Amino acid sequence: ALPTSLPRSSPNILITGTPGTGKTTTAEMLALAAGLQKVTVGDLVKERSLHDGYHEEMDTYWLNEDKVVDEMEGMMAGGGMCVDFHTCGFFPERWFDLVVVLRADTKNVYDRLEARRYRPNKIAENVECEIMQVVLDEAYESYRPEVVLELRSDSVDDMEANVERIAAFVEQFRASHAN
Ligand code: ADP
Ligand code: MN
């Protein structure tokens, strides 16, 4: 079915990518730079129990996708949201005007997750996810290609350039959707 876009004067942006690629940092900078409201889905899942329990071995929660979508629907309706999550295929396609997939060198993903004291099996899983470009493939399977934007996030310079580029998209969207 064709995606039916909601009328909105400010875009909804999804920042996705493997853990450690810089989503949360980028989303925070972007929210400030572009005047968007940030939604850190991982925090929302924990705070509002949008999961089906804790997965001990992987040190993660079993995501309840239906609960997450139900909880977020109202937030997304008005536009102007910057959503940060490490998976992207279960969100309704119509929610997003731009899907940014952050990518980083394997070594950077490893180092960043180690610094965060992730368990070795969780680091290995995420490094493999980045090597296999799982999130990028998921984005292309779930959204129209013109909506998907792959960006490198290896350095602070990369991050600043990415924020600038996405903020420019936001401004352009607002200019062309103003009444
Ligand atoms: P994610 O939300 O994707 O897991 P974070 O934004 O939490 O990633 O970033 C993880 C760590 O890596 C943070 O300490 C952050 O400062 C650092 N980091 C992320 N992206 C970059 C980058 N492009 N350049 C330098 N450091 C980065
Ligand atoms: Mn994060």
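**Exercise 1. Determine which residue of strand 7 stands opposite Val99, and how strand 6 is paired and enclosed.**

Solution. Begin with the single position: Val99 stands opposite Val148 in strand 7, where strands are DSSP runs of E with at least two residues and helices are runs of H or I with at least four, both numbered from the N terminus. The model is a predicted one, in which local features need pLDDT of at least 70, side-chain atom pairs count only at pLDDT 80 or more, and totals for chains, interfaces and linings use all residues. Residues are numbered from 1 along each chain as its sequence is written, while chains are lettered from A and ligands numbered from 1 in the order in which they are written.

Next, widen the view to the pairing, for which DSSP must find at least two bridges between two strands. Strand 7 (residues 148–152) is parallel to strand 6 and joined to it by five bridges; strand 1 (residues 13–16) also runs parallel to strand 6, with four bridges, and Thr16 has Val101 as its bridge partner there.

Finally, consider burial, which requires 20 or more other C-beta atoms within 10 Å of a residue's own, whereas 12 or fewer make it exposed and values in between partly exposed, with C-beta atoms placed from the backbone. Because five of the six residues of strand 6 (residues 98–103) are buried, this strand is largely enclosed by the rest of the structure.

**Exercise 2. Locate Gly20 and Arg116, and decide whether each is buried or exposed.**

Solution. Start from the record: an unreviewed UniProt entry places the feature "binding site" at Gly20, Gly22, Lys23, Thr24, Thr25 and Arg116, in the numbering used here, with a shortened feature name and with the caveat that annotations may be inferred rather than shown by experiment. These positions span 97 residues in sequence, yet no two of their C-alpha atoms are more than 14.4 Å apart, so they gather at one spot.

Then take the two residues in turn. Gly20 is in the loop between strand 1 and helix 1, and it counts as buried because it has 25 C-beta neighbours inside 10 Å. Arg116 belongs to the loop between helix 4 (106–115) and helix 5 (120–131), and it counts as exposed because it has 11 C-beta neighbours inside 10 Å.

**Exercise 3. Describe how strand 3 and strand 4 are connected.**

Solution. Strand 3 (residues 51–55) and strand 4 (residues 60–63) are antiparallel, with three bridges between them, and His55 stands opposite Thr60. The two strands form a hairpin with four residues between them, and Asp59 in the turn has a positive phi of about 50°.
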